[in-house]
Each structure stands twice: as structure tokens, then as C-alpha cells.
Amino acid sequence: MVFSYKTRNEEIQNVQDEELDLLVIGGGITGAGVAVQAAASGMKTALVEMQDFAEGTSSRSTKLVHGGIRYLKTFDVEVVNDTVKERANVQHIAPHIPKPDPMLLPIYDEAGATFNMFSAKVAMDLYDRLAGVTGKFANYTLNKSEVLERQPQLEKEGLQGGGVYLDFRNNDSRLVIENIKKAHEDGARVLNKVKVVKITHDQQGMVNGADVQDVISGRNFHINAKVVINTSGPWTDEVRDLDKKDDLSDQMRPTKGVHLVVDKEKLNVPQPTYFDTGENDGRMIFVVPREDKTYFGTTDTDYHGDLKHPKVTQEDVDYLLRIVNRRYPDAKIGLDDIEASWAGLRPLITANGGSDYNGGGGGSEKLSDESFNKVVNTTKEYLEDDAKRDDVEKAIQEADSAQDSGEVDPSQISRGSSLEEASDGLVTLSGGKITDYRLMAEGALKKINEKLDSQFDLIDSKEYPVSGGDIDPDNVDEEIKKLAKQAQDKGLNEKDALYLANLYGSNLPTVLTYDEPIKGLSQRDSFSLNYALNEELVLTPVDYFLRRTNFILFIRDELDALEQPVLDKMAEFYQWSDEEKANYQKELAEVVAESDLKELKEDEYRE
Ligand SMILES: Cc1cc2nc3c(=O)[nH]c(=O)nc-3n(C[C@H](O)[C@H](O)[C@H](O)COP(=O)(O)OP(=O)(O)OC[C@H]3O[C@@H](n4cnc5c(N)ncnc54)[C@H](O)[C@@H]3O)c2cc1C
Ligand SMILES: O=P(O)(O)OC[C@H](O)CO
């Protein structure tokens with residue numbers, strides 16, 4: 001279905017003449033998930049996003065669909081209970097995106113260790129139990145030599161062994177755009193580069209829509225809606241401030257997380273790996289293989305800067321390199337080995353306390369070992385059906401009550417979500433994770449429907465595939481191969497055909513209709529760019545290279561040769577002036593230079 005700059009301008013006209021049921025503010029995963037369920041349930045829906053879709057946090061995650069096993073240690077059992085179950089639901093509705101990829105959890109005997117071998121096994125058993133994981137993906141433990149057999153380059157000192165448990169790798173911005181396209185296919189008006197500048201009210205002082213600005217034309221216009229929901233992630237408090245009658249207190253405590261990318265020649269891991277930093281700071285680091293690269297992260301530091309533009313600092317790089325070079329002593333990764341990077345802001349909710357249990361250093365009171373061990377032992381008894389779930393809850397409550405209510409360390413804040421309504425009717429859905437976006441949206445739709453006098457039969461979103469998701473979730477590999485065959489029949493080699501099939505899922509046949517060759521691009525990339533321009537509302541080269549594809553982050557080697565042909569095609573498609581074309585070229589160069597950490601490398605060179 002055409003979803004392009006042309007349809008965007010038509011929708012800007014149409015949306016002004018309508019009385020909508022719902023206006024969604026923010027086009028990250030949270031807003032996209034709400035828009036899909038609203039439109040599919042028959043609500044007249046619009047979503048406005050002031051940047052590109054997913055340009056906020058939802059393209060800057062660790063790119064996992066995961067339950068957050070670390071959160072068990074901060075007793076965020078509710079969050080884990082939700083997210084670990086949601087992994088399967090997200091894979092079910094978007095089978096071409098999250099892919100099962102068992103995580104290796106090396107266990108070290110050191111100060112502040114999140115787990116020992118016993119508690120790691122309990123945590124993995126609880127994790128599997130909550131998600132109903134059995135069979136080939138059930139967790140298991142490895143002894144030290146078995147861990148080193150898998151990853152001989154891992155630090156040997158202090159290594160006790162390890163665990164292996166199911167989690168999923170994800171393409172976060174792809175998950176967002178497939179939800180956005182689905183909402184659009186179901187009739188939602190979906191607009192990027194449109195910013196809410198004011199929340200408006202009726203005579204009775206109740207929210208009735210918003211004044212918005214088309215960032216491209218600079219023109220302001222009004223959108224009428226019976227219900228408005230704020231799904232703006234780290235901007236949640238800023239958007240609330242656009243509602244002069246909003247009486248709820250600020251809630252956001254954004255923390256910055258950074259990832260670095262190196263070639264797999266520098267660091268090659270056979271599977272996603274997750275370990276303590278070894279700095280007794282309550283943090284754990286992921287190391288994840290992706291295309292021919294390896295990325296690792298993250299940091300977790302309070303952030304008070306420009307929400308649109310969190311940057312990677314030398315301090316972030318030093319922290320991550322110190323940890324990865326400790327855990328992989330032969331890697332010897334330096335600043336110059338970093339090929340790409342990204343920084344994102346967790347939309348954490350400050351009221352979501354949490355325990356500074358394992359050395360978070362935030363609170364004054366650490367949890368005593370006996371109360372933690374009581375939680376672990378009660379959990380083990382629960383797993384062996386010798387205790388009930390509320391025995392575990394009770395043990396956790398007792399443990400938590402021992403907590404000092406002091407400021408908690410960022411890593412101890414719950415990753416839970418919040419759904420609130422102000423007295424003027426503005427609804428806010430914030431916090432959470434990508435992994436539980438569907439569940440968060442489901443909860444929000446119940447409230448929205450109530451506010452609309454329950455006029456709508458809400459869909460079962462667990463059975464409602466995103467765009468590109470119409471493939472058998474239990475037979476993904478076969479389905480992808482079948483789709484790829486269609487691309488091979490068009491002359492693509494197997495590798496390129498599988499690349500397109502994995503990226504576009506059941507939309508591949510449509511992608512293959514866009515067969516006009518683009519000068520300077522391969523057949524594969526001509527299909528991809530033509531489709532992105534006509535059906536994925538790509539407005540700039542950065543939209544294409546960073547969010548609709550992964551060239552800037554994970555296929556960096558091919559990027560340089562693609563830049564000019566893509567720029568030339570977009571200039572022709574959009575009829576850009578030379579000046580506009582030069583501006584987009586400059587924007588792309590700046591984004592790539594920032595990803596490459598060019599500034600830090602030049603500083604280091606000067607020193
Ligand atoms: C480093 C890091 C690693 C993470 N790893 C994972 C992971 O592996 N798995 C996982 O499940 N979760 C992970 N998360 C969490 C997850 O990324 C976030 O919870 C999620 O992306 C938040 O999505 P959102 O839609 O709420 O916010 P966002 O994606 O930030 O979307 C909000 C949108 O609102 C828009 N907006 C703001 N103000 C306005 C306005 N006035 N008008 C219009 N639009 C506006 C913004 O431009 C933005 O695009 C991670 C987070 C970080 C930072
Ligand atoms: O919020 P954290 O500390 O679990 O960090 C995010 C992870 O990297 C992936 O969810």
C-alpha cells in the first residue's frame with residue numbers, strides 16, 4: 001500500500017477535516033503499537049511523530065526482544081513476567097523480525113556478581129517457567145571448560161561456568177515501521193515530521209485534540225480527537241507540559257545507554273553473550289553478533305541533555321572498552337577499531353523505585369544476603385512445586401521492605417510501564433520496553449475504549465500480524481526460504497534474496513514489483529530503495545540508511561558506495577534543489593561521522 005510523501009500530504013489535508021476517535025502523540029514502538037490496535041479495532045486514528053518513525057529510543061535499543069533476566073535480581077518479577085511471555089507474542093505477530101537466539105551467561109566469582117551458578121540456574125528456571133519455554137530452547141548450565149570451549153577468548157580468571165537460556169535478537173526500527181505500516185493499511189492517518197505544539201481543550205476544559213506543526217512546511221494546523229494519548233517516551237514530561245491543565249507530576253528519569261560496533265575480525269562471539277561488568281556497579285553487558293559485526297553495550301547513566309541528540313562520550317567508550325577488553329583479554333579493542341555506535345535514552349519512570357540490591361551504590365541500605373537467599377530458595381521451592389507463587393511474592397516484599405527508600409541507582413530502577421490519565425482526560429502511556437509494547441498497548445486500548453463509551457470491539461492483538469508478518473510463525477526458516485526463491489527468480493543471488501526476505505517478510509512480493517533499476521545500485525538495493533520511497537515513507541537518506549535498513553550500523557563496508565546513488569535517486573524522486581540535496585548530503589555525513597566517533601578519534605589523534 002502506497003505510504004509516501006505524496007500520501008503524507010494528502011493525509012495532512014484529510015486529518016484536519018475529521019473528528020477522530022484517537023490521536024497518538026509519538027511514533028516509537030509504544031505509539032505504533034497503540035495505533036495498530038486502535039485502527040484495527042475500527043477507531044478513527046491519527047498518529048503524529050515529530051521526527052522519523054523510531055528516531056527516538058526505538059531505534060537505539062540493544063535490539064533484543066528479551067525478558068530482562070537481570071531484572072530478577074532487582075525483584076522486577078512483574079516486568080520479567082510480562083516481558084518474558086511477550087517475547088513469544090511479538091515473534092508470533094512479527095515472525096520475520098525477532099529471531100530466537102539463545103544467550104550465553106558466563107558466571108564470574110567476583111564482588112557484586114549478579115548471579116552465582118546456583119542463583120543463575122534458579123533465575124533461568126524461573127525465566128523459562130514464566131514463559132513456558134521447554135524442549136530445545138530450555139535453559140541449561142555449562143561448566144567452566146564448556147564455556148571456554150564455546151568462547152576460548154573469554155577471561156578465564158574467576159570464571160565459574162555459565163548458563164544458556166532463550167532470548168531473541170530484534171530489529172527495533174523495523175518492528176516500529178511494520179507496526180506503523182499496518183496501522184496505515186488499516187486506515188490510520190500516520191504522519192512523520194509533524195510535531196504536537198499544544199494540547200487543546202473544549203469548553204468544559206477536557207482535552208479535544210492538539211495543535212500541530214508540519215516540520216517540513218512550517219505550517220501549523222489543528223487535529224480534533226475525542227481521546228489523546230501521549231506515547232512520547234523520554235519526552236513524556238515535555239509533552240505533558242504542552243497541556244496547561246495537566247495536573248500530574250513529572251515522572252521521567254531518562255538514562256543514556258551506549259553501544260559500540262566492531263568488525264567480527266576484532267571480536268567474534270558465536271552467540272549473544274551477557275555478563276557482569278566486573279566493576280561491582282550492578283550493570284551487565286551484552287555482546288551480540290550481527291551481520292559481519294559484533295556490537296556491545298550498554299552504559300546506564302542519568303541524562304539531562306538534548307533528548308533528540310544523546311551523544312557517545314569518551315567516558316562511555318572508555319567504560320565499555322575497559323569491560324570488553326577485560327572479559328576478552330586478547331581482543332585489545334581500541335577507539336580506532338570502533339566502526340559504528342549509537343546512544344539512546346531509556347524512558348524510565350522515576351517513581352518505579354527498585355532495590356539497589358547488588359552494589360548499585362545508590363541507596364544507603366544494601367539488601368542482606370539472608371533475605372535475598374530467602375527469595376532464591378523460595379523461588380526454587382516454587383519451581384519444584386513445594387511453594388506457592390505468593391510465597392515468592394511475600395519473600396520479595398520482606399526483602400524489599402528492608403530497602404532504604406533512598407535514591408536508587410539507574411540500573412536498579414524498574415523497567416516497568418505506566419498508564420495514567422490527567423483530570424483533563426490526557427492519557428499517558430510511558431516507560432516499559434520494546435518487548436512488552438503489545439501488552440502495554442493492549443492495556444491502553446481498554447482505557448481508550450472506556451473513554452469512548454466502549455463502542456469498539458477490541459481486536460486480539462496476539463493474533464494480529466504486523467505488516468510483513470503474514471508468515472507461519474512456527475515455520476519461519478522455511479517461509480523465508482520460499483519468499484527468497486521469488487527474489488532469486490528475479491535474478492538475485494541467494495544471499496541477496498535471503499537478505500530481502502528477512503527484511504521484508506511477506507511484503508517481499510510487493511517489494512519485487514518495484515523493479516525499476518537505480519543507477520549505481522545493485523538489483524537488491526534498487527528494490528529496497530524504490531520500496532522504501534513508495535511504501536515506507538522515507539524522506540531522507542538517513543531515514544533509509546539508519547532506520548529502514550542497517551547500513552550505517554552493521555553493513556558499514558558497503559555504505560560509502562551507496563551514498564551517492566541513493567542521494568541522486570532521492571533528489572530526483574523529490575525534485576530537490578541543489579541546495580536541498582547538499583543539505584541532505586551534509587546531514588548524512590554528520591550522522592555517519594557521529595556513528596563512526598570521528599570527533600573522538602580526531603581528539604585522540606591530536607593528544
Ligand atoms: C540503551 C537502551 C537499550 C535498550 N534495549 C532494549 C532491548 O534490547 N529490548 C527492549 O525490549 N527494550 C530495550 N530498551 C527499551 C526500549 O528501547 C524503550 O522502552 C522503547 O524504545 C521506548 O519506546 P517509546 O515509543 O516509548 O519511545 P520513543 O521510541 O522514544 O518514541 C517516542 C517518540 O515521540 C516523539 N515525540 C516526542 N515529542 C513529540 C511531539 N511533541 N510531537 C510528536 N512526536 C513527539 C519522539 O520523536 C519519539 O520518536 C532499551 C533502551 C535503551 C535506551
Ligand atoms: O535497561 P537495561 O539496563 O536492562 O539495559 C537495556 C538492555 O541493554 C536491553 O534491554
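This text walks through the domains, the two ligand sites and the nonpolar cores of a predicted model.

Start with the overall layout. The chain is divided into four parts: domain 1, domain 2, domain 3 and domain 4. Domain 1 is assembled from three stretches, 5-58, 173-248 and 422-451. Domain 2 is built from two, 101-170 and 253-349. Domain 3 covers 369-400, and domain 4 covers 514-602. Between the C-alpha centres of domain 3 and domain 4 the distance is 53 Å.

Now turn to ligand 1. Its surroundings comprise 38 residues. T30, E49, S58, L64 and T435 come nearest. Two of the polar contacts run from side chains to oxygen atoms of the ligand. In S58, a polar side-chain atom sits 2.6 Å from an oxygen atom of ligand 1. In T435, the corresponding distance to an oxygen atom of ligand 1 is 2.8 Å. V196 uses its backbone: an N or O atom there is 3.0 Å from a nitrogen atom of ligand 1. The protein buries 98% of the 1000 Å² that ligand 1 exposes when taken alone.

Ligand 2 comes next. The residues around it are T62, H66, R70, Y71, R283, F286, T298, D300, R346, R415 and K433. What is the character of this shell around ligand 2: nonpolar, polar or charged? Six of its residues are charged, three are polar and two are nonpolar. Polar contacts can be followed residue by residue. The side chain of H66 places an N or O atom 2.6 Å from an oxygen atom of ligand 2. For the side chain of Y71, the distance to an oxygen atom of ligand 2 is 2.5 Å. R415 also takes part, with a polar side-chain atom 2.7 Å from an oxygen atom of ligand 2. On its own, ligand 2 has 300 Å² of accessible area, and the protein covers 92% of it.

Last, look inside the protein. In soluble globular proteins, nonpolar side chains tend to be buried together. Here the largest nonpolar core holds 124 residues. Which of its members touch the most other members? They are V34, F53, I69, I180, I229, I448 and F545. A second core, separate from this one, has 32 residues, among them L104, Y108, V258 and I285.

F545 deserves a closer look. Leaving aside residues up to four places away in sequence, F545 touches N550, F551, I552, L559, L562, E563, V566 and L588.

Note on methods:
Residues are numbered from 1 along each chain as its sequence is written. Chains are lettered from A and ligands numbered from 1 in the order in which they are written. This is a predicted model: local features need pLDDT of at least 70, side-chain atom pairs count only at pLDDT 80 or more; totals for chains, interfaces and linings use all residues. Side-chain values use heavy atoms; hydrogens and water are left out. A nonpolar core is a set of buried Ala, Val, Leu, Ile, Met, Phe, Trp, Tyr and Cys residues joined through side-chain atoms within 4.5 Å. Buried means under 20% relative accessible area, exposed over 50%, partly exposed in between (1.4 Å probe, protein chains only). Contact means heavy atoms within 4.5 Å. Domain bounds come from an automatic or database domain assignment. A residue is near a molecule or strand if one of its heavy atoms lies within 4 Å of it. A polar contact is a pair of N or O atoms within 3.5 Å; within protein, one must be able to donate a hydrogen and the other to accept it, and residues adjacent in sequence count only if both atoms are side-chain atoms. Accessible areas come from the Shrake-Rupley method with a 1.4 Å probe; for residues, only the protein chains shown count as cover. Ala, Val, Leu, Ile, Met, Phe, Trp, Tyr, Cys and Pro count as nonpolar, Asp, Glu, Lys and Arg as charged, and the others, Gly among them, as polar.
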